[in-house]
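Work through the exercises below with the model open. Try each task before reading its solution.

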Amino acid sequence: MKLGVLASGGGTNLAAIIAARLPVSVVVADRPCVALDIARAAAIPSELVARGSFGPEFDRLGYTQRVVAVLKHHHVDVVAMAGFGTVLAAPILDAFPGRVLNTHPALLPAFKGWHAVADALAAGAAVTGCTVHIATAEVDEGPILAQEEVAVVPGDTVESLHERIKEVERRLYPETIRRFLEVEGELAS
Ligand code: GRF
């Protein structure tokens with residue numbers, strides 16, 4: 001089972017996936033980012049599939065097809081989104097049915113979307129956390145594979161809370177991906 005990781009940012013989840021020695025065959029980014037440097041430093045193939053645009057004219061379908069082509073070229077079986085900043089269109093789910101994973105910094109179904117940490121804080125939640133799930137056509141939905149709670153503490157900012165959530169994600173996501181790869185590998189053999 002080969003893993004493709006999609007990332008756009010600091011790549012600390014990617015680094016944890018690599019440190020866990022999961023079989024990453026390619027890292028794809030949608031913009032220049034630290035995650036690409038992390039892949040290069042680990043001598044893992046990486047590709048920048050740059051978005052032409054971040055505006056309304058963005059060709060989401062065409063972009064998704066470009067990402068799928070790269071993943072297929074690297075013989076990826078399972079895709080792990082790790083802070084990927086582009087919502088992909090249906091072809092990614094068609095190419096990897098039931099095999100696109102995501103980590104989200106909240107206890108889904110609570111606080112979906114890009115601002116999950118800020119929204120939990122603004123809502124006065126005493127507890128939030130993270131969720132690893134299988135991606136489906138609706139963003140931040142799909143079968144939940146693992147969840148873990150993180151307490152909100154007095155004085156928390158979006159940054160401090162997100163960092164504590166990410167500490168948990170960096171353990172939970174690699175663990176969950178490993179389990180998923182094992183099960184999928186057994187089914188495929
Ligand atoms: C994580 O909190 C993930 O849940 C969210 O983006 C963050 C990525 O962090 N989707 P990093 O780039 O792995 O440090």
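This is a predicted model.

**Exercise 1. Polar contacts of the ligand**

Task: Find how far an oxygen atom of the ligand lies from a side-chain N or O atom of Glu 169. Then find the distances to the backbone of Asn 13 and of Thr 103.

Solution. Start with the side chain. An N or O atom in the side chain of Glu 169 is 2.4 Å from a ligand oxygen. Next, turn to the backbone. Asn 13 places a backbone N or O atom 2.8 Å from an oxygen of the ligand. For Thr 103, a polar backbone atom is 3.1 Å from a ligand oxygen. The cut-off for a polar contact is 3.5 Å. Finally, consider the cover. The ligand alone exposes 370 Å², and the protein buries 86% of that.

**Exercise 2. The shell and its origin**

Task: List the residues that surround the ligand. Sort them into nonpolar, polar and charged. Which helix supplies the largest share?

Solution. Collect the residues within 4 Å of the ligand. The list reads Gly 10, Gly 11, Thr 12, Asn 13, Gly 83, Thr 103, His 104, Pro 105, His 162, Lys 166 and Glu 169. Now sort by type. One residue is nonpolar, eight are polar and two are charged. Then map the shell onto the secondary structure. Helix 1 (12-19), strand 5 (100-104) and helix 6 (158-188) each give at least two residues. Helix 6 gives the largest share, with three residues. Last, look at the space itself. The ligand occupies the largest pocket.

**Exercise 3. A salt bridge between loops**

Task: Count the salt bridges. Locate the partner of Glu 141.

Solution. Apply the cut-off: a Lys or Arg side-chain nitrogen within 4 Å of an Asp or Glu carboxyl oxygen. The count is seven. Glu 141 pairs with Lys 112, and their closest N and O atoms are 2.7 Å apart. Now place the two partners. Glu 141 sits in the loop between strand 6 (127-134) and strand 7 (144-151). Lys 112 sits in the loop between strand 5 and helix 5 (116-122). The pair links distant parts of the chain, 29 residues apart.

**Exercise 4. Backbone exceptions**

Task: What kind of peptide bond joins Leu 108 and Pro 109? What is the sign of phi at Arg 21?

Solution. Begin with the general expectation. Most peptide bonds are trans, and most residues other than glycine have a negative phi. Check omega first. The bond between Leu 108 and Pro 109 is cis, with omega about 10°. Pro 109 belongs to the loop between strand 5 and helix 5. Check phi next. Arg 21 has a positive phi, near 60°. Arg 21 lies in the loop between helix 1 and strand 2 (24-29).

How values were computed: Residues numbered from 1 in each chain as written. Predicted model: local features only at pLDDT ≥ 70, side-chain atom pairs only at ≥ 80, totals over all residues. Heavy atoms only, no water. Polar contact = N/O pair within 3.5 Å; in protein donor to acceptor, adjacent residues only side chain to side chain. Areas by Shrake-Rupley, 256 points an atom, 1.4 Å probe, with all protein chains shown as cover. 1 Å grid on protein atoms, 1.4 Å probe; cavity = no way out; pocket = protein on both sides within 12 Å on 5 of 7 lines; lining within 4 Å. Sits in = over half its atoms within 2 Å of the grid points. Helix = DSSP H or I, 4+ residues; strand = E, 2+ residues; numbered from the N terminus. Nonpolar A, V, L, I, M, F, W, Y, C, P; charged D, E, K, R; others polar.
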